[in-house]
2 protein chains.
Amino acid sequence: MSTVGFRQHDHAHCVHTALAQAEAKCKAKRLQFTPVRRRVLEILLEKHKAMGAYDILAVLAAEGMGSQPPVVYRALDFLVQHGFVHRIEQLNAYAACAHPTHDHVPAFLICRSCKAVAETETELTQGRLGVAANTSGFQIERVVVEAEGLCPECIGTQA
Amino acid sequence: MSTVGFRQHDHAHCVHTALAQAEAKCKAKRLQFTPVRRRVLEILLEKHKAMGAYDILAVLAAEGMGSQPPVVYRALDFLVQHGFVHRIEQLNAYAACAHPTHDHVPAFLICRSCKAVAETETELTQGRLGVAANTSGFQIERVVVEAEGLCPECIGTQA
DNA sequence: CCTCGAGTGATATGTTATTACATTTCTTGG
DNA sequence: CCAAGAAATGTAATAACATATCACTCGAGG
Ligand SMILES: [Zn+2]
Ligand SMILES: [Zn+2]
Ligand SMILES: [Zn+2]
Ligand SMILES: [Zn+2]
């Protein structure tokens with residue numbers, strides 16, 4: 001599993017590992033890793049890209065695990081809450097966390113051409129934003145950092 | 001007009017000034033600063049906070065300037081495109097730019113309690129995100145930076 | 001066995017955004 | 001000025017994303 005997601009990797013292995021890690025973490029924290037929650041995470045890990053809630057729901061529905069929006073939104077809420085999945089605000093979409101082993105502030109590189117999403121990390125109060133927060137007395141709790149542009153594959157195929 | 005929006009300022013003056021600046025910039029760049037576009041910007045400047053597209057549309061509709069969604073979305077697209085307004089991804093909302101005189105990468109401090117939004121600036125490729133982009137060959141074109149937390153007014157009134 | 005709370009199933013609804021096409025207005029070269 | 005093309009607008013319909021609510025199930029703890 002690479003830091004930025006534009007390289008090859010052993011995909012079947014990373015799916016399996018991430019699921020096992022999630023299961024272990026839920027056990028440790030007494031969280032219910034129910035079939036729907038597990039399957040939603042698995043779908044996101046398998047696809048290995050950002051998916052809309054209704055895309056995930058379509059997969060669930062085809063498997064008879066619930067066909068109504070609340071099913072998937074509840075599962076996503078749980079997974080996001082506990083750091084297994086991140087929401088990509090720019091895309092109204094969700095992606096499995098690439099660094100599930102530790103707490104972190106995620107940041108994303110999003111290709112505007114092929115929609116590939118790579119996750120990296122950043123600081124909660126970096127650069128001028130932290131300065132502005134300190135100056136004004138604003139208390140930062142969460143930061144969304146999402147860069148849009150062209151991934152290595154798509155540079156050259158574009159204007 | 002303050003850098004971060006949690007302080008007092010001469011509001012009527014800042015609305016007027018910003019509108020005049022926008023008009024001048026459009027003239028210089030041969031852009032059509034049409035009545036709808038002007039009024040949408042004015043509404044955002046007057047409210048001086050983030051507004052949803054449909055909130056703006058309701059104001060327009062009450063004034064007979066168009067009652068269908070595309071009216072306001074087209075105006076917002078124009079204003080965002082040319083830097084007069086920014087979209088706040090976390091809120092699916094729009095706010096007039098606080099620094100319309102120069103090009104910049106906006107960053108926002110968003111109070112989760114009172115929904116106040118303050119705009120500051122940042123760099124296109126700051127910190128680890130820039131490093132990750134360079135390492136992987138990703139070409140950043142736009143960055144969304146939005147911090148959520150508590151503004152000075154709301155700290156203390158919360159848990 | 002009973003109760004409570006988390007999770008799920010199901011219906012309905014709310015909110016945000018886009019597509020499509022007809023029409024009007026503006027701009028510009030002749 | 002005038003015609004042709006570009007830009008903007010009017011309008012209807014629909015797509016995409018998200019939440020409210022209530023009934024039901026099931027397992028843990030008393
Ligand atoms: Zn992550
Ligand atoms: Zn790409
Ligand atoms: Zn700005
Ligand atoms: Zn506040």
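In chain B of this predicted model, strand S1 (residues 85-88) runs antiparallel to strand S2 (residues 93-96), and 4 bridges join the two. Strands here, and helices too, are DSSP runs numbered from the N terminus, with at least two residues (E) for a strand and at least four (H or I) for a helix; two strands pair if DSSP finds at least two bridges between them. Within this hairpin, Val85(B) has Ala96(B) of S2(B) as its bridge partner. The strands of the hairpin have 4 residues between them, and Asn92(B) adopts a positive phi near 45°.

Residues are numbered from 1 along each chain as its sequence is written, and chains are lettered from A and ligands numbered from 1 in the order in which they are written. Local features need pLDDT of at least 70 and side-chain atom pairs count only at pLDDT 80 or more, while totals for chains, interfaces and linings use all residues; side-chain values use heavy atoms, with hydrogens and water left out.

Turning to the sheet shared by the chains, 6 strands form an open, mixed arrangement in the order S4(A)-S3(A)-S5(A)-S5(B)-S3(B)-S4(B). Its edges are S4 (117-122) of chain A and S4 of chain B, each of which pairs on one side only. Neighbouring strands are turned by 25° against each other on average, direction ignored; axes are lines fitted to C-alpha atoms (for helices, over the stretch in contact), and angles run from 0 to 180 degrees between N-to-C directions. Strand S3 (residues 105-111) of chain B pairs with S4(B) in the antiparallel sense over 6 bridges, and Val105(B) has Thr122(B) as its bridge partner in S4(B). Helix H5(A) lies across S5 of chain A together with S3, S4 and S5 of chain B, at about 40° to S3(B). Helix H5 (residues 127-136) of chain B lies across S3 (105-111), S4 and S5 of chain A together with S5 of chain B, at about 40° to S3(A).

The contact between the chains (heavy atoms within 4.5 Å) takes 37 residues from chain B and 37 residues from chain A. About 3,200 Å² is buried between them, with carbon and sulfur atoms giving 56%; buried area is the accessible area (1.4 Å probe) that two parts lose on being put together, summed over both. On the chain B side, Arg128(B), Leu129(B) and Phe138(B) lose the most area to chain A, together 19% of what that side buries.

Salt bridges (a side-chain nitrogen of Lys or Arg within 4 Å of a carboxyl oxygen of Asp or Glu) number 18 over all chains, and 8 are counted between chain B and chain A. One of them links Glu121(B) to Arg128(A), with the closest N and O atoms 4.0 Å apart. This pair runs from strand S4 (residues 117-122) of chain B to helix H5 (residues 127-136) of chain A. Glu121(B) is buried at 17% relative accessibility, whereas Arg128(A) is partly exposed at 41%; buried means under 20% relative accessible area, exposed over 50%, and partly exposed in between (1.4 Å probe, protein chains only). Arg142(A) and Glu148(B) also form a salt bridge, at 3.1 Å between the closest N and O atoms. Arg142(A) lies in S5 (residues 139-150) of chain A and Glu148(B) in S5 (residues 139-150) of chain B, so this pair joins two chains.
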